[in-house]
Structure formats: structure tokens, C-alpha cells
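Open the model in your viewer and keep the selection tool ready. Each stop below says what to select and what is there.

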Amino acid sequence: MSAPQDDRRVAVIIEDDADIRHLLEAVLTQAGFEAITASNGLDGVNAVRAHNPLVTTLDVSMPGMDGFETAKRIRAFSSTYLVMLTARDDEIDTLQGLEAGADDYLTKPFRPRELRARIEAMLRRPRHTATDAPAPAPGAAAAPSAPAAATPVTVPSASSAPIAPIVGPFNRRASAGAGR
């Protein structure tokens, strides 16, 4: 039986490039994690299942099972914090990665200190799973069997609210040549 997750800081690294895999292993080990590595999606899914990591890094472009499918399979059973690290920087790839279950999406080349900072930021937020439910207050009556009325949320349609591109100092492409 494994130790409780609170006592262990385990990270699974799923990366097919050996140099990047070793770099990630060094970065996460220096950050206090026990690093487990896998060089493909299927082995990565099995490593996550076996080691119940707190954090998992995942490449997108791998032979066989790609990172998007790997993320979906991991999300089917694990609430590990999932960071996609990939050279694919198109908006559609980022959206697909987040939709597949990634908590963050970072493009290569990446800065190791930025990766560590992003992971530490994720760890400051509690991980909630679909099965998490608030505990009833002591002495509270049982919840009604009928669902409570939901507050409607109005979302503007695509035709009524055009989305303008965001440009500012936080946008790397917009600020790449400005003052640097």
C-alpha cells in the first residue's frame, strides 16, 4: 500500500524526447518531487495509475497515443494536476489540450523556473474532483430530493458580442518586439 498523497510529492513525466525528459526530471526533483518517467502515452497512463502523482507533465506530439488522448485517459481515473508541455503553439492545440483535461499548457521551449512557478501555483489551489461534494453542516436537515432551482446564466451569443483579440504585455507575440 502506498503512502498517503500528503506525505509524498510524486510527479509523472510523459515525454518521448530523452533530453527534455531528463531536464524535466531534474527540474521536478529539485522542486522536491519523486520523478517517475515514461516515454510514451500508454506507459504514462500506467505510471499515473500506479503512482497516483500529485503532478503529471505531458507532451502532446508522441508516437502512438498522442498527448490529447493520454490526457483524456488519465482524467478518466485521476485528479493529478496535468501540465501539457509541447512545441505545438496554435490556439486550437491549446484549447484541445485544456478540453482534454490539462490544468495548464506551456509551449516549448519553456523556462524551467516558469514551469516550477506554474506548478507551485497549481498546488496552492485545492484539487476538486467530480465526486467531491460539500459536507452537510452539523445538525442540518437532509437535502431535498428534488434539485434546487438553478440561477440562470445569460451568455451573449457569438453574433451579439464579437471577441476582440487580447493585446498587452502578457501576450508574448504582441510584446515580443516591444521594448525588449
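Buried means under 20% relative accessible area, exposed over 50%, and partly exposed in between (1.4 Å probe, protein chains only). This is a predicted model, in which local features need pLDDT of at least 70, side-chain atom pairs count only at pLDDT 80 or more, and totals for chains, interfaces and linings use all residues. Residues are numbered from 1 along each chain as its sequence is written, and side-chain values use heavy atoms, without hydrogens and water.

**Whole chain.** Show the protein chain as a cartoon. Six helices and five strands appear. Both are DSSP runs numbered from the N terminus (helices H or I, at least four residues; strands E, at least two). Along the sequence the pattern reads β-α-β-α-β-α-β-α-β-α-α. Of the 180 residues, 34% count as buried.

**The sheet.** Select the five strands. They form an open, parallel sheet in the order 2-1-3-4-5. Strands pair if DSSP finds at least two bridges between them. Strand 2 (34-38) and strand 5 (104-107) stand at the edges with a single partner strand each, so one side of each has no neighbour in the sheet. On average, neighbouring strands are turned by 20° against each other, direction ignored. Axes here are lines fitted to C-alpha atoms, for helices over the stretch in contact; angles run from 0 to 180 degrees between N-to-C directions.

Now zoom in on strand 4 (residues 81-86). Four bridges pair strand 4 with strand 5 in the parallel sense. Pick Met84: its bridge partner in strand 5 is Tyr105.

**Helix 2.** Select residues 41-51. Helix 2 lies across strand 1 (10-14), strand 2 and strand 3 (55-58). Helix 2 runs at about 170° to strand 1.

**Asp59.** Go to the loop between strand 3 and helix 3 (67-75), where Asp59 is found. Is Asp59 buried or exposed? At 4% relative accessibility, Asp59 counts as buried. Contact means heavy atoms within 4.5 Å. Beyond its neighbours within four places in sequence, Asp59 is in contact with Ile14, Glu15, Asp16, Gly67, Leu85, Thr86 and Lys108. The unreviewed UniProt entry annotates Asp59 as "modified residue: 4-aspartylphosphate"; such annotations may be inferred rather than shown by experiment.

**Helix 3.** Finish here. Select Gly67, Phe68, Thr70, Ala71 and Ile74, which are buried. These residues cover an arc of only 160° around the axis, which puts them on the same side of helix 3. The arc is that of the directions from the helix axis to the C-beta atoms. Their cover includes strand 1, helix 2, strand 3, strand 4 and helix 4 (91-100).
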